[in-house]
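Biologist: I'm new to this one, so could you walk me through a close look at how side chains pair up here? Let me put it on screen first.

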Amino acid sequence: MALLLIVNRITIATMLPPYVDLGVAVILTILLVYFVDGPRASRTALISITGFSIFLLFWAYATSPLYSPGDDEYAYHLTAIWDLAEGWNPLATPHNNIWIDSYPNGYWALQSYIVATTGLILSGQSLLSGLMVTVTILSYGFFLEHCADHVSKFKRLTSLFLACLVIGNPIVLTQVMTHYTDAPLYLLGCGLVFFLMIDACSPNKLARWGVLSCIILLINTKTANLYYVPLIVIGGFLADLVANGGIRNCLPRAVRWIISRGLIYAFVYFVAIIVLGYKPYVTNLQDHLALLYPSVTEIMSYNIPNNVNGVSAPVGFFYGIFAETGRTLWPYPFDSQINLKFPGTFSIDEFKILRFDTRRGGFGPMFSLALLSSILAYALCRIASLSSGPYAMARKGDSLATLALALLLISMFFPESWWARYVPFTWLSAVLFAVASLFLAGHGKFLILTRVLQGLAMLSFLLCVAAGAGGALKQSLRVQIATHAVEAVKDSPVIEIYIEKDIRITRDFQSQQISDAANVWARVLRENGVHVRIVGTEIPFREKEYCEKLGWLEAHVLWCVPRVPNKQPN
């Protein structure tokens with residue numbers, strides 16, 4: 001994928017068919033693997049690429065009748081994907097949509113290849129499912145090779161369970177079928193974490209290339225990765241030091257790691273920003289004198305729960321972790337306060353309301369208990385290993401816990417630490433703490449108590465996964481019901497659509513559009529035989545009197561069959 005993005009940046013002005021870029025990227029990948037790890041590895045790479053492609057095509061066509069259940073994708077994600085698929089060159093022409101013009105477009109570019117080759121306008125979302133499968137396989141291999149020996153039986157099943165737990169993050173599950181970039185950020189970040197750990201446990205050249213690929217992809221997926229990528233790599237560096245000797249000979253090993261790995265990682269990080277990410281990172285500085293544009297303050301102005309507005313990031317993180325899972329849908333205001341609760345307590349309602357952008361308790365109703373149980377299980381392992389009892393702690397467990405702690409601190413100090421979808425690595429941190437506790441060897445009361453805490457953590461994780469899966473299903477059903485309602489009146493003389501005005505963001509000299517939701521919905525509905533007329537941002541006065549039938553679609557779009565076309569009540 002990283003090579004495809006590089007090829008895309010080279011050929012973007014040539015208007016070559018997408019199959020040419022795809023073919024070149026595949027050939028380059030096979031050659032790279034061949035020279036790094038030999039012919040056997042290159043055959044495996046070819047089989048993997050073929051399987052990945054087949055899965056994407058299967059998912060794209062299998063889900064093609066379904067609508068996407070998100071908001072932001074109708075506002076700008078889908079427009080970006082379609083325009084890239086139809087030949088828009090970001091380096092040559094500013095985009096009229098302020099988000100598309102100012103946000104990283106690498107992940108959109110990869111999705112645009114799926115749309116261009118299949119002809120299915122919503123097929124870009126299949127890339128997320130492909131990443132889920134890829135990260136499952138990667139993490140399964142890591143757990144099986146490096147962790148399963150510390151489990152007495154069912155090694156493969158345990159490894160698969162842990163791998164599924166990694167991708168079972170509710171942030172991922174609730175963004176399946178959407179075009180949001182939070183779940184891809186998390187999955188690509190997981191790839192970065194596991195490649196770093198694979199290389200730490202046993203030097204691996206392909207894993208280092210995997211690290212480089214993840215850096216390129218992350219930087220060109222979401223601006224938050226300017227923060228996450230270097231800090232995760234530093235966490236991997238510390239985990240490497242712990243895995244290979246702890247504090248003994250620490251300085252020479254640190255210098256060797258920096259020279260052999262760190263410098264090239266840093267170099268690729270800046271290349272990914274300045275060259276591959278020239279649009280938007282460099283152009284934002286040139287055009288708006290700001291690396292992050294539009295202003296985060298403007299974007300968040302209506303989104304921050306009122307009792308975390310102005311608090312420090314660690315305090316906001318505390319609120320986010322120990323929050324009661326709250327509703328996001330109207331009539332609940334986006335800035336409704338976060339209600340705290342004691343870990344392990346819940347209401348049945350909390351299992352029904354997770355969605356793609358849940359602002360309060362977004363990891364699920366039992367996550368605080370899962371996190372605390374995982375941390376306590378590992379802490380108990382360390383206490384046991386330092387005691388005079390028959391216990392020993394493998395160094396790999398400490399290495400995993402080091403990276404888990406790094407991920408936790410990274411998330412804790414992120415500016416929007418209270419909002420789960422902006423700190424998705426908190427989930428991976430909890431999982432890694434739980435896995436690290438498996439490395440305790442011995443017998444006695446410490447081991448029994450550790451197993452109890454592990455079981456409590458696993459149960460809590462599973463309940464969060466269930467809440468995420470249920471929320472994903474519910475939001476998909478909701479959008480299907482909403483769209484079927486408008487499809488049912490497709491034979492009406494006129495179907496008008498209106499969009500609520502977004503008052504947070506002001507237009508600039510390049511981009512006059514804040515949301516393309518009306519145009520996007522018009523195109524999506526047209527694909528299903530429904531023709532609509534876009535009216536504008538002025539919602540009809542007394543709309544229930546003006547409209548014979550009406551309903552709301554995602555991204556604040558109202559559809560209306562007027563009783564008397566072009567005549568609104570006074």
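Which residue forms a salt bridge with D398, and how far apart are the closest N and O atoms?

Modeller: Keep in mind that this is a predicted model. The partner you're after is R382, and the closest N and O atoms of the two are 3.3 Å apart. D398 belongs to helix α18 (residues 395-412) and R382 to helix α17 (residues 367-386), so this contact ties together parts that are 16 residues apart in sequence. With a relative accessibility of 15%, D398 counts as buried, since the cut-off for buried is under 20%. R382, at 25%, counts as partly exposed.

That pair is part of a bigger tally: the structure holds 14 salt bridges. As a bit of background, side chains of opposite charge can pair when their charged atoms come close.

Let's go to R523 and E86, whose side chains meet in a salt bridge at 3.1 Å, N to O. Here R523 sits in helix α21 (residues 517-527), while E86 is in the loop between α4 (72-85) and α5 (98-102), so the pair ties together parts that are 437 residues apart in sequence. R523 is partly exposed, its relative accessible area being 23%, and E86 is exposed at 51%. R523 has another contact worth a look: it lies over the face of W82, at 4.4 Å from the ring centre. A similar arrangement can be found at R359, whose charged end sits over the ring of F334, 3.8 Å from its centre.

Now for a salt bridge between strands. R533 forms one with E496, and their closest N and O atoms are 2.6 Å apart. R533 lies in strand β4 (residues 533-536) and E496 in strand β3 (residues 496-499), so parts that are 37 residues apart in sequence get tied together. R533 is partly exposed, with a relative accessible area of 32%, whereas E496 counts as buried at 2%. Elsewhere, D182, K222 and R421 are joined into one network by salt bridges that share partners.

Charges aside, there are the rings: the count comes to 29 aromatic pairs. One of them is F143 with F194, an edge-to-face pair, 5.6 Å centre to centre with 85 degrees between the planes. F143 is in helix α7 (residues 126-146) and F194 in helix α10 (residues 182-201), so this pair ties together parts that are 51 residues apart in sequence. Both are tucked away: F143 counts as buried at 1% relative accessibility, and F194 is buried with a relative accessible area of 0%.

Another edge-to-face pair is Y228 and F425, at 5.1 Å centre to centre and 75 degrees between the planes. This one links distant parts of the chain, with Y228 in helix α12 (residues 225-243) and F425 in helix α19 (residues 425-436), 197 residues apart. At 1% relative accessibility, Y228 counts as buried; F425 is also at 1% and counts as buried. If you zoom out a little, you'll see that Y228 and F425 belong to one aromatic cluster together with Y186, Y227 and F414.

Conventions: Residues numbered from 1 in each chain as written. Predicted model: local features only at pLDDT ≥ 70, side-chain atom pairs only at ≥ 80, totals over all residues. Heavy atoms only, no water. Salt bridge = Lys/Arg side-chain N within 4 Å of Asp/Glu carboxyl O. Helix = DSSP H or I, 4+ residues; strand = E, 2+ residues; numbered from the N terminus. Buried < 20%, exposed > 50% of the residue type's maximum accessible area, 1.4 Å probe, protein only. Phe/Tyr/Trp six-rings, centres within 6.5 Å; stacked < 30°, edge-to-face > 60°. Lys NZ or Arg CZ within 6 Å of the ring centre and 35° of its normal.
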